[in-house]
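Here is a short briefing on one protein chain. Keep the structure in view and find each strand as you read.

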Amino acid sequence: MKRKYFYKTAVLSLAVIVSAIFGTSSYNANAAPINHSIHVNGTSLLKVNDYDVLYCTPIGPYVNEEKRLMVPLRSVAELLGAKVDYNGKLQEANIRWRSSEIVFQKGAKTYKLNGTPAQMDTQPEVIQNAFVIPLGVLLRSMNIPFGYMNNKVILKDPAFDQSKIFQKVIELDQGRFIVDNPSALGIQNFKLVEEKNSSETRGNITVSGLNRTGSTIREGKEDLHIIGFFNQTVDMDADFASVDIPDRKRSKVNQEGSVSQSLSYLKINDPLQYILAAGRTLKTKNERK
């Protein structure tokens with residue numbers, strides 16, 4: 001069963017940033033405008049520290065026609081802790097991370113890095129009023145550490161855990177305290193179906209992961225952990241059993257086998273912001289003694 005967490009919503013500035021690069025994976029998204037349905041069949045293309053970023057409003061990471069990974073600037077910025085100012089009149093975004101500053105403009109294949117013009121082979125877009133940028137340009141220009149593995153961009157830096165979003169996720173994700181392999185499962189495909197009816201929203205997220213340990217994952221250890229991060233609440237599985245919420249069944253996963261999990265939700269005036277997922281194994285009760 002899942003456990004719901006409630007927290008006071010802070011007003012998040014049009015902030016924060018990061019990521020991107022060339023990609024060979026495909027992301028098939030058909031995200032309708034706000035107050036309509038969302039139907040996404042996607043592939044995980046981005047991982048930040050221990051969590052794959054599958055979706056961030058209004059559209060998750062995707063590969064454009066130039067084969068560049070694109071992400072909505074505000075959402076990814078909030079995950080990573082960068083500072084962003086957006087000029088709607090000029091359709092221009094100013095991003096600051098540590099000592100670097102970069103400026104993107106909608107439809108322009110040029111940008112400014114610390115005041116110096118530079119060229120790129122793709123261009124930012126505006127989708128549902130969200131500024132969407134090529135992450136590879138941002139990462140390389142601003143010296144943000146990244147890697148590329150299993151057809152996804154990997155961002156790993158302790159500083160990212162200090163962002164407001166990850167601070168809240170880490171605070172609520174109690175399973176982090178009993179993890180023995182944080183990368184046991186490679187997050188692969190996911191499906192998001194969300195239907196809105198007036199103020200009510202019903203949704204379901206299904207995620208699959210591949211056993212990358214090189215051996216069988218014993219029963220009781222698998223933890224394909226899905227996190228639905230909404231405007232006012234956070235939904236995820238309860239990794240610790242309690243009197244009213246038992247631990248879910250954790251089946252054996254064969255070597256090179258796959259596993260899938262789902263998370264369903266019903267919300268009233270509480271829109272989805274992010275879908276995150278961790279593919280890990282947990283210490284069993286005997287191993288924690």
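Which residue in E7 does Val63 stand opposite? The partner is Leu69. This is a predicted model. The chain has three helices and 23 strands. Two of its open sheets are described below, after a look at the whole chain.

**The whole chain**
- The chain has 289 residues, and 50% of them count as buried.
- Consider the contacts with a separation of 6 or more: residues 24 or more positions apart account for 72% of them.
- The accessible surface of the chain is about 13600 Å². Carbon and sulfur atoms hold 48% of that surface.

**The four-strand sheet**
- This open sheet has the strand order E6-E7-E14-E13. Its pairing is antiparallel.
- E6 (62–63) and E13 (125–127) are the edge strands. Each of these pairs on one side only.
- E6 and E7 (residues 69–72) run antiparallel and are joined by two bridges. Here Val63 stands opposite Leu69 of E7.
- Helix H1 (residues 73–80) packs on this sheet. H1 touches E7 and strand E14 (130–134).
- The direction of H1 makes about 85° with that of E7.

**The five-strand sheet**
- Five strands form another open sheet, in the order E8-E9-E10-E11-E12. The pairing is antiparallel here too.
- E8 and E12 (116–119) are the edge strands, and each pairs on one side only.
- Neighbouring strands of this sheet are turned by 20° against each other on average, direction ignored.
- In a regular strand, side chains alternate between the two faces of the sheet.

**Pairs within the five-strand sheet**
- How many bridges join E8 to E9? Five bridges link E8 (residues 83–87) to E9 (residues 92–97), and the two strands run antiparallel.
- Lys83 has Arg96, in E9, as its bridge partner.
- E8 and E9 form a hairpin, with four residues between them. Gln91 sits in the turn and has a positive phi of about 50°.
- Farther along the strand order, E11 (residues 110–113) pairs with E12 in the antiparallel sense, over four bridges.
- Thr110 has Gln119, in E12, as its bridge partner.

**To take away**
- To trace the four-strand sheet, follow E6-E7-E14-E13 and then look for H1 packing on it.
- To trace the five-strand sheet, start at the edge strand E8 and finish at the edge strand E12.

Definitions and conventions: Residues numbered from 1 in each chain as written. Predicted model: local features only at pLDDT ≥ 70, side-chain atom pairs only at ≥ 80, totals over all residues. Heavy atoms only, no water. Pairing = 2+ DSSP bridges. Axes fitted to C-alpha atoms, helices over the stretch in contact; angles between N-to-C directions. Buried < 20%, exposed > 50% of the residue type's maximum accessible area, 1.4 Å probe, protein only. Contact = heavy atoms within 4.5 Å. Areas by Shrake-Rupley, 256 points an atom, 1.4 Å probe, with all protein chains shown as cover.
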